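Visitor: I have a structure to look over. Could you take me through it briefly?

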Amino acid sequence: MSSRRETGTTPTASYEADPAEVQRVLLLYSGGLDTSVMLKWIQDSYDAEVVCLTVNLGQPGEDYELIKGKAMRLGALECHVVDAREEFAREFLAPAIKANALYGGGYPLFTALGRPLIAKLAVEHARCTGCDTIAHGCTGKGNDQVRIEATVATLAPELKVIAPVRSWQMGREEEIAYAREHGIPVKGGTESAPYSIDDNLWGRSSEGRWIEDLEHAPEDDVFQLVTRPEEAPDEPELVAVEFESGVPVALNGGRLGLVELIERATELGARHGVGIIDHIEDRIVGLKVRDIYEAPAAAIILPAHQELERLVCTIHQNQFKGQLDRQWAYLVYAGLWWEPLRGDLDAYMEQVNERVSGTIGLKLYKGHARVVTRSSPNAVYDASLASFADSGGLFSQTASPGFIELFSLQSRMAWRLRNE
Ligand code: ARG
């Protein structure tokens, strides 16, 4: 169509939209600069209608009425706001807790866990509003494009995808100029680029600016969720996390739904400076980047869960599960939430976690959450066996030398062969 502008899009993948065929777009809308510019730009460049979808995953401080109003003023046909916190907690965070999910030894995967849910909701809303295409605001350098597009292509082969930020040739300056020209409000100072933020119930990430300089220690202004440990209270605070079958169900004796429990743990951890992670990360698209994470709830709940699991599992289960945990975290990081191996691993996680019930006490103090107490009816632990004082019936100390002789047999033989 001649009225259409150059979209900069030449499809590479089968699921990418042919600009000539785009008629109605479901835009994943955050209300920020990128997706607001996209909202106008899609209408102009594709001569297409836009339906907006904003998903609430518990990111603090959002005004969804404001976002919705902005979308409608910028010409959206409809703007849907979905509160997906319960589903996020139940279907994504609970499995992550059971899998002790940390990628690269430190990242609790909050963004990676949120994307498949956001993209699944985009598919559902695209289908029920007659959209042919889904648009998102990811760049071409990150993991989020992989997670969103892999989800759409898996769940909805009939839908196409556009990623304008990846294809348009606008830098930040041009985006701001475009916004001004089209009456899109630009909030805050426009001189320096802000941090690139993503957050939800399970944590918050910051990227960009000085964070890209590996020799630059964190500046104070990056921490918007967690109190700096230097400023945290001088008195420690104890928190008891109770689990049932691997899922946290109570804090300090008070039963809470998972969403409220995570919110409460976030407050407690944030107050004590807990959950700051300065992380070098191997992205799926090959880049190595640095992220500053603030994840206070994860920094309390994950170590508590892992401790309880260690207590109720045998040495063999404990040796094995870490390997599966790592594989689970990698799959989720890599955007392969819908891959059957993830379901297979979850079956194992479920089975092991059946017995992971009990309470773990942690002491929160100036940036640390340290396990200090444990109790579980399923602990494979017998204080009288472990004690130095006396031997119980299940353990014969006189059997130990025989055990050592057999257990060390091959190692001793190998040593001798190498040293003769
Ligand atoms: N590095 C993290 C990840 O890949 C966080 C990404 C945050 N995303 C963002 N668009 N700022 O999951």
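What follows is a short exchange about a predicted model.

Visitor: How do helix α3 and helix α8 pack: roughly parallel or roughly perpendicular?

Guide: Helix α3 spans residues 85-98, and helix α8 spans residues 258-271. Their axes lie 9 Å apart, at an angle of about 80°. Angles of 65 to 115 degrees count as roughly perpendicular. So α3 is, relative to α8, roughly perpendicular.

Visitor: In the contact of α3 with α8, how many residues are charged?

Guide: From α3 come Arg85, Glu86, Ala89, Arg90, Leu93 and Ala94. They meet Leu258, Val259, Glu260, Ile262 and Glu263 in α8. By class, six residues are nonpolar and none is polar. The charged residues number five.

Visitor: Which residues come nearest to the ligand?

Guide: The ligand has 14 residues around it. By class, that shell has three nonpolar, four polar and seven charged residues. Those that come nearest are Tyr107, Asn143, Asp144, Arg147 and Glu281.

Visitor: Which side chain has an N or O atom 3.4 Å from a nitrogen atom of the ligand?

Guide: Asn143 places a polar side-chain atom 2.8 Å from a ligand oxygen atom. Arg147 also has a polar side-chain atom 2.8 Å from an oxygen atom of the ligand. For the ligand nitrogen at 3.4 Å, the side chain is that of Glu207.

Visitor: How much of the ligand's accessible area does the protein cover?

Guide: Elements giving two or more residues to the shell include α4 (110-128), α5 (144-155) and β12 (288-294). On its own, the ligand has 350 Å² of accessible area. The protein covers 88%.

Definitions and conventions. Residues numbered from 1 in each chain as written. Predicted model: local features only at pLDDT ≥ 70, side-chain atom pairs only at ≥ 80, totals over all residues. Heavy atoms only, no water. Axes fitted to C-alpha atoms, helices over the stretch in contact; angles between N-to-C directions. Helix = DSSP H or I, 4+ residues; strand = E, 2+ residues; numbered from the N terminus. Parallel < 35°, antiparallel > 145°, perpendicular 65-115°, else oblique. Contact = heavy atoms within 4.5 Å. Nonpolar A, V, L, I, M, F, W, Y, C, P; charged D, E, K, R; others polar. Near = heavy atom within 4 Å. Polar contact = N/O pair within 3.5 Å; in protein donor to acceptor, adjacent residues only side chain to side chain. Areas by Shrake-Rupley, 256 points an atom, 1.4 Å probe, with all protein chains shown as cover.
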